[in-house]
Amino acid sequence: MRPITHKIYLSIMVIAVFFVVAYLSYSGFSYYQLQLEDRFFHDQHQSLKPSGSWGHGFGIIGSLMMLVGVSLYMLRKRVRRFSRIGVLKYWLEFHIFLCTLGPALVLLHTAFKFGGLVAISFWSMVAVVLSGVIGRYIYLQIPRSIEGRELSLNELDEKKDELHRVLKEKYNLDELVLRKLLDAVKERPDSADKNMAMRFWVKFKFEMALQRRIKYELKTQQLSKENSREIKKILVSEINLNRKIDRLRNMQNLFRYWHVAHLPFALVMLVIMLVHVAVTLVFGYKWIF
């Protein structure tokens, strides 16, 4: 997907969520703000109550959206047969779209009044949505390929080896100088137990010292200005790869803990939702068919 097409794709989904939620909330605001005992006398009660034509429809459509959003993303991610259909990050974005609009419609289905077993499902749904937001943040921190595939530590190490090979063979750097440069870019600023302002200052001082160190080591080699600039760019790439490796390790650990929260709440929500649907069918509730 081209960048402009991707932006349009995202914009359409964001606008759709905001428009639908804003319009439906505004249209039913006078009903939803009433106490439960006063709603019976409202003009929209027969349509907006949970078993009404609109309220029931919100529940059905919202539930289907969540089921489709979860199922499609899991199939694309877990089943090898579907692994080449589209880019994974686009599927994740569609999953987020359906699993954002779906819960909003389910909330309207409840008419903001819920209790008993359904309340457990609702709060599980809230927990799933909130943990999904956190999961999206963690996902964005994980280094990825252009296709959106998560890079492994081995792939990042291979990229580093390629940079080392270029530095050694193309620019014919001395082995000792090369080792000093690579050791320098591996170092990290010591900003533990410091506030944000101090961390920024420590990081700034560290990067300035690193630039001076690189400049000093390159001066010992008989290099042209052009080659020096190119080597500095390669070393910047090396620094970025080191940071990606650190971030990948941290985010992989966080993802393990995140799954512990996200998946159980999702399962609880889905099971209770299916029980709720089964009960409504047993008691003869119907929508428009």
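**Group meeting: a walk through an all-helix chain**

Okay, so going from the N terminus, the elements of the protein chain read α-α-α-α-α-α-α-α-α-α. In numbers, that is 10 helices and zero strands. The radius of gyration is 27 Å, well over the 19 Å that the globule rule gives for 289 residues, so the chain is more spread out than a compact globule. And before I go on, do keep in mind that this is a predicted model.

Let me stay with the overall picture for a moment. If you lay the C-alpha trace along its principal axes, the spans come to about 90 × 45 × 35 Å. How much of the chain is buried? Buried residues account for 34% of the 289. The exposed surface comes to about 19,100 Å², and 64% of that is supplied by carbon and sulfur atoms.

On contacts, here's one for those of you who like contact maps. Take the contacts between residues at least 6 apart in sequence: 69% of them join residues at least 24 apart.

Let me make that concrete with M13. This residue sits in helix α1, which covers residues 3-27. Is M13 buried or exposed? M13 has 9% relative accessibility, and the cut-off for buried is under 20%, so M13 counts as buried. Who does M13 touch, once we set aside its neighbours within four places in sequence? The answer is E93, F94 and F97. With F97, the C-alpha to C-alpha distance is 6.3 Å, while the two residues are 84 apart in sequence.

Now for another residue in helix α1, namely I8. I8 is at 46% relative accessibility, which makes it partly exposed. I also have a pair distance for I8: its C-alpha is 33 Å from that of V236, and those two are 228 residues apart along the chain.

Okay, charges. There are 42 positive and 24 negative side chains in the protein chain. How far apart are the centres of the two sets? They lie 3 Å apart.

And how many salt bridges does the count come to? Just one. The partners are E226 and R229, with 2.8 Å from N to O. Both are in helix α10, residues 225-282, and since they are three residues apart there, about one helical turn separates them. As for accessibility, E226 is partly exposed at 40%, and R229 is partly exposed too, at 46%.

Last stop, the backbone, and this is one for the torsion people. Most residues other than glycine have a negative phi. A111, which is not a glycine, has a positive phi of about 55°. F112 is another non-glycine residue with a positive value, its phi being near 65°.

Where do we find A111? In the loop between α5 (88-109) and α6 (116-141). F112 is found in the loop between α5 and α6 as well. Their accessibilities are worth putting side by side: A111 is buried, at 1% relative accessibility, whereas F112 is partly exposed, with 38%.

So, to recap what I'd keep from this: a chain of 10 helices and zero strands, a salt bridge between E226 and R229, and positive phi values at A111 and F112. That's me done, happy to pull any of these up on the screen.

Methods: Residues numbered from 1 in each chain as written. Predicted model: local features only at pLDDT ≥ 70, side-chain atom pairs only at ≥ 80, totals over all residues. Heavy atoms only, no water. Helix = DSSP H or I, 4+ residues; strand = E, 2+ residues; numbered from the N terminus. Rg over C-alpha atoms; globule rule 2.2 N^0.38 Å. Buried < 20%, exposed > 50% of the residue type's maximum accessible area, 1.4 Å probe, protein only. Contact = heavy atoms within 4.5 Å. Areas by Shrake-Rupley, 256 points an atom, 1.4 Å probe, with all protein chains shown as cover. Lys, Arg positive; Asp, Glu negative; His and termini not counted. Charge placed at Lys NZ, Arg CZ, Asp CG, Glu CD. Salt bridge = Lys/Arg side-chain N within 4 Å of Asp/Glu carboxyl O.
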